[in-house]
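I sat down with a new structure today and kept notes as I went. Here is what I looked up, in the order I got to it.

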Amino acid sequence: MTPLVIALVLCAAILHASWNAVLRGRDDKLWSVTVMSFAATVVALPVVLLLPLPAPASWPYLALSVGLQVVYSWFLVLAYRLADLGQVYPMVRGSVPLLVTVGAAVFAGEHLSMPAVSGIMLVSLGIMSLALGKGRAHPRAVAAALANSVVIATYTVTDGIGARLSGNSFTYVSWIFVLYGVLMPAAFMATRGKLTVRWSAPETRTAILAGLVQLVTYGTVIWALTMAPIGPVSALRETSIVFAAFIGRIFLSEPLTARRLGASAVIAAGAACLGYVT
């Protein structure tokens with residue numbers, strides 16, 4: 001990866017941990033993630049009107065990704081209802097490089113190396129230390145977090161291939177957010193009924209800002225996936241685990257125990273090892 005790709009993915013990692021912290025701090029997390037979805041859509045809509053359509057070969061990947069994004073949002077909301085940012089975030093994101101590395105090897109021809117195998121072991125160890133033992137996360141939170149890891153890994157590999165086939169990563173990611181911003185409110189209203197948004201309320205402005213950060217974050221990652229192998233990009237992005245630990249402590253007053261911090265560091269080290277593919 002070039003220095004520019006590395007720098008931008010690291011910035012995306014910090015921003016990703018930040019908007020997750022915003023979501024974790026909201027009372028109605030499903031409402032917040034729904035408002036986030038159509039805030040990003042408003043920005044993405046002019047892009048899809050100005051740029052040509054993605055190449056037809058990428059459309060199946062785009063459609064699958066949008067559906068998975070909605071599933072991801074629901075699992076994330078469930079996990080954050082039951083556990084802290086510092087517990088959920090490492091479990092959700094920490095196992096993603098493991099799954100992405102395997103998926104990229106199978107579907108994109110990126111093969112595992114010995115450092116990658118070491119990374120798998122480190123990631124597994126770190127996740128187990130967060131999920132088990134004293135102070136462990138709620139079992140339902142663990143289940144939701146690990147299920148979400150599978151979802152994230154699937155749409156990461158999907159988008160890595162789809163963005164490359166699309167001909168333009170910016171129009172590809174813009175279409176994702178336009179469609180996601182339609183499906184997510186529809187899913188909310190199907191389960192909750194009316195969606196009420198008070199535009200002057202502080203929580204609405206916060207959710208809108210988080211949605212814009214989400215758009216920039218994932219747009220950067222999609223672009224990076226067209227410039228570098230999928231495994232290393234995913235691994236570098238998951239350094240957000242460490243950022244999330246400190247954000248949770250500073251802004252959400254979550255405990256930053258030695259075990260939680262050590263587990264986050266082990267998972268981040270494993271994610272880095274998973275970046276070595278051949």
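To know what length to expect of a helix, I take 1.5 Å times one less than its number of residues. I tried that on helix 8, residues 169-192 of this predicted model. Its 24 residues should span 34 Å, and the end C-alpha atoms are 34 Å apart, so the two agree.

Next I checked both ends of helix 8. At its start, a side-chain oxygen of Asn168 comes to within 2.9 Å of the backbone nitrogen of Phe170. After the helix comes Gly193, with a positive phi near 95°.

Then I stepped back to the whole chain. I counted 12 helices and zero strands. Of the 278 residues, 53% count as buried. Among contacts with a separation of 6 or more, 88% join residues 24 or more positions apart. The chain exposes about 11600 Å², and carbon and sulfur atoms supply 73% of that.

Which residues touch the most other members of the largest nonpolar core? I found Val33, Tyr155, Phe177, Tyr218, Ile222 and Val233, out of 62 residues in that core. Helix 7 (residues 139-166) gives the most to this core, with 10 residues. I followed up Val33: leaving out residues up to four places away in sequence, Val33 touches Leu23, Ser73, Val77, Tyr180 and Met184.

While in helix 7, I looked at Thr156. Is Thr156 buried or exposed? Its relative accessible area is 4%, and buried means under 20%, so Thr156 is buried. With the same sequence neighbours left out, Thr156 touches Val100, Tyr218, Leu225 and Ile230.

Last, I went through the aromatic pairs, and the count came to four. Phe38 and Trp199 have ring centres 6.0 Å apart and planes at 65°, so I noted the pair as edge-to-face. Phe38 is in helix 2 (residues 29-50) and Trp199 is in the loop between helix 8 and helix 9 (202-227), so this pair ties together parts 161 residues apart in sequence. Phe38 counts as buried at 17% relative accessibility, whereas Trp199 counts as exposed at 55%.

Tyr72 and Tyr155 also pair edge-to-face, 5.8 Å centre to centre with 80° between the planes. Tyr72 sits in helix 3 (residues 59-82) and Tyr155 in helix 7, so parts 83 residues apart in sequence are tied together here. Both Tyr72 and Tyr155 are buried. I closed the notebook on the cluster that Tyr72, Tyr155 and Tyr218 form.

How values were computed:
Residues numbered from 1 in each chain as written. Predicted model: local features only at pLDDT ≥ 70, side-chain atom pairs only at ≥ 80, totals over all residues. Heavy atoms only, no water. Helix = DSSP H or I, 4+ residues; strand = E, 2+ residues; numbered from the N terminus. Polar contact = N/O pair within 3.5 Å; in protein donor to acceptor, adjacent residues only side chain to side chain. Core = buried A, V, L, I, M, F, W, Y, C linked by side-chain atoms within 4.5 Å. Buried < 20%, exposed > 50% of the residue type's maximum accessible area, 1.4 Å probe, protein only. Contact = heavy atoms within 4.5 Å. Areas by Shrake-Rupley, 256 points an atom, 1.4 Å probe, with all protein chains shown as cover. Phe/Tyr/Trp six-rings, centres within 6.5 Å; stacked < 30°, edge-to-face > 60°.
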